[in-house]
Structures are given as C-alpha cells and as structure tokens.
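Student: I'd like to go through this one asking how each label is earned. Can we put the values against the definitions as we go?

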Amino acid sequence: MHAFANPARFLRLARWLMPLLLVSGLVLSMGAVLYGLLVVPPDRLMGETVRILFIHVPAAWLGMAGWSTIAIASLVELVWRHPLAAIAARAAAVPGAAFTAICLATGSIWARPTWGTWWVWDGRLTSFLILLFLYFGYIALSGAAQRDMASGGGGNRITAIFGLVGAINIPIINRSVVWWNSLHQPPSITAGKSSIDGTFLWPLLIAAVGFSLIFGGVVLARMRTLLAEIQTEARLRRKALG
Amino acid sequence: MSETRTGGIKPKHQRLVLLVIALVALIGAGLLAAYALSNQASYFYVPADLMKDPPEQGRAIRLGGMVEKGSLKTRTDGVTIDFLVGDGKARVPVRFTGITPDLFVEGSGVVAEGRMEGQTFVADNLLAKHDENYVPRQMGDMTEAQAKAVVAETK
C-alpha cells in the first residue's frame, strides 16, 4: 500500500483506472436500471413503484460507503500522515453527498404512493438526513481548511477529526430500523439472507456494483483535480517568492 | 512531523493508540446515547405498549401494527372504517374517517396518527407500512409453498 501513497505513482495509476471505472460503472448501472425499469415485473403490493429500488438502495449504500471512505482515510491521515489520505477523504465528500441526496429524494418519491406521505421523522429517515448535513459540514470545513493550510495552519487535522467523529452516524443509520420502531422497513438483506425475490435482487446487486464503480471513478477524478490544484498553487507561490 | 523516537515508542504508534482509545470511547458514548434513546426515538407505539402503559386520553400519539385479518369494516356512511391493530400480543380497535393509502389492506402494516378515546384509537391519518419483503405480483397470488418452490428454482 505504501507504494500507492506516492502521488506520482498514484497519478499514473489513476490516469487509466479512472476512465475504466467510469465507463464500466455507467454501462453496468444503466443496464441494471433500464432492466429494472422495463423488464422486472411489478411488486405484489407496491406495484410499479418497486422500480425505484434499483436507484434508491445503491444510492443509500454509497451514501454510507462515502462517509466510511472519509473515516478510514481520515484515520490513515491522522496516524500515518500519508499525503494522499487527506486528498482521498476530501474527494469522497461530494460524490458521497450526491448519493445521499439521491437516496433521500428517491425515497421521498417512493414514500408518497407507498406510505401515503413524503416524509416522516422516524429513526432511519432522520439519521440519513443528518448524514447529508454532516456531508455539507464536512465539505465546508475541508474548504476552509484548505485556505487555512495555504496560510500555514493545520486545518486538515480538524477536518480529519470531524470525518472520524461523524462516522458514529453510520452504525446508527444501519441499526435505526432495528432499535426503534420506524415507518421505514427493516433491512431486507442481512448476512447471507435476502427477503427480496431473485427477480429484483439480481438487477439490484448489479446496479450496486455499477454505482460503486462510478463512485470510485469520481473519487479518482476529484483526487486528480485536487492534486493538480495543489501543484498549481505551489508553483504560483514559488513564482511569487522567486 | 518529526518521526524521532521518544521513550522507545514511535510517534506513529503513539498516535494510533491514542486514536483507537478515542474512537472506542466515542463509539461507546454513541451507542449508550442511542440505547438511552430507545423508547423516545421510536416512531410509534405498538398495541402491547398501549396496554402496558396507557397514554393520557386525547394526547396525540402514533400507533403501529398489523391490520388484523377479517377485522376491517366500513360503516354505512361509506368513509368511516373500523379495524383492529395487533402486534401478536395485544390488539387495539381503531376508527378512521377518510381515504386510506393504496397499501392499506388487511394483514399488512399500518401506522395510525391520532388519540385514544375510551378504549378506541381515533385516527386522523393513516400511513401504510411496507415490510421488507419484495415479491413479484404473479407470485403474490401463489400459496406460500408454491412461491418457495419458484424461488428455489430461480436461485
């Protein structure tokens, strides 16, 4: 792993991995979502609205995976001070927030015909909305830290601590439907078992793989951008000083 | 940033140990808080809760459970319905006037917003609760055994 902590080597790897992830992710997720929209039969109770499953559930997983990425990268940054860890954490924030927002929006659209309401303040929905606000806070904080770093401060460490502390929300989201009575249904897929019929489950899993590849591709793209920005800034500063 | 040795412990390891301790404390605190919230954070009461610890008459609460099979009756005005909500341990009679959500059927989950009036729960609003099972429509009409056989085949 140490080999990839070298930014130059990382950039060489990212240059061909990024388009590969994006293209394969787009193909898989488009295929699965189109299959879900056009081929899959309607659900016994929900009818046609079941099709939103193929976007809602992968988006929810990636919203949570995004913050897990931030937390792990923050830990690596704080302990081992890897130069790329801080950049990886910052790069995961925007796609993570986007998937969280997609999950909330699609969930709300599904809830109106299914439950009879757009929104309720139950454990799952509330904790997921908090995740979105944590992302907003993280994005604002990491932006401020970047400006702080430029003037010689240690703002990146505060961002990393926030990323770690915010991770406490992830198990709470996961357990919210088990600990508390909630309007949101309990987990359908638990260790090795699924109460989702195979007709829905396979396109769902393929969509999840596709969305994950897109997520990885976007993170790599943003890491490249952030690295380029840092290089430009350093070059400008050298010029100004020299 | 200097990685000098202080008392035989690398700063890297010191940071790791400190962070792990901080994380364990943080997760412990979070779990304790979530545990303490256990009842307050619930979205609704189940019938057994109402039996064990009856709420004040007229206080706005939510009641959740299964609509008991065979208990749903429409009154002569055509818009008022009576049904029983059960959780396997207790059951509460519910009255509701209005349009029900599409998923509201006997044997499925429901969350009713309203208040206790006497022994009856008077609902202002009904929310249908979907369970964690996703089954295609064709299979919904099959018996349990038939559905299992089809699922086994497609696996």
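Student: What makes the span of helix 5 of chain A agree with what it should be?
Tutor: This is a predicted model, so take it as a check on computed coordinates. The expected span is 1.5 Å times one less than the number of residues. Helix 5 of chain A has twelve residues, so it should span 16 Å, and its end C-alpha atoms sit 17 Å apart, which agrees.

Student: Which residues of helix 5 of chain A are called buried, and what makes them so?
Tutor: They're A:Asn156, A:Thr159, A:Ala160, A:Gly163, A:Leu164 and A:Gly166. Buried takes 20 or more other C-beta atoms within 10 Å of a residue's own, so each of these residues meets that cut-off.

Student: How many residues do chains A and B put in contact with each other?
Tutor: 38 residues of chain A touch 39 of chain B. Being in contact means C-beta atoms within 7 Å.

Student: Which helices of chain A supply at least two residues each to that side?
Tutor: Helix 2 (53–80), helix 3 (83–115), helix 5 (155–166), helix 6 (169–179) and helix 7 (198–241). Helix 2 of chain A gives the most, with four residues.

Student: How many residues of each class does the side of chain A that touches chain B have?
Tutor: There are 23 nonpolar, eleven polar and four charged residues. Gly goes with the polar ones by this scheme.

Student: And in what order do the elements of chain B run?
Tutor: From the N terminus, α-α-β-β-β-β-β-β-α-α, with four helices and six strands in chain B. Of its 155 residues, 20% count as buried.

Notes. Residues are numbered from 1 along each chain as its sequence is written. Chains are lettered from A and ligands numbered from 1 in the order in which they are written. This is a predicted model: local features need pLDDT of at least 70, side-chain atom pairs count only at pLDDT 80 or more; totals for chains, interfaces and linings use all residues. A residue is buried if 20 or more other C-beta atoms lie within 10 Å of its own, exposed if 12 or fewer, and partly exposed in between; C-beta atoms are placed from the backbone. Two residues are in contact if their C-beta atoms, placed from the backbone, lie within 7 Å.
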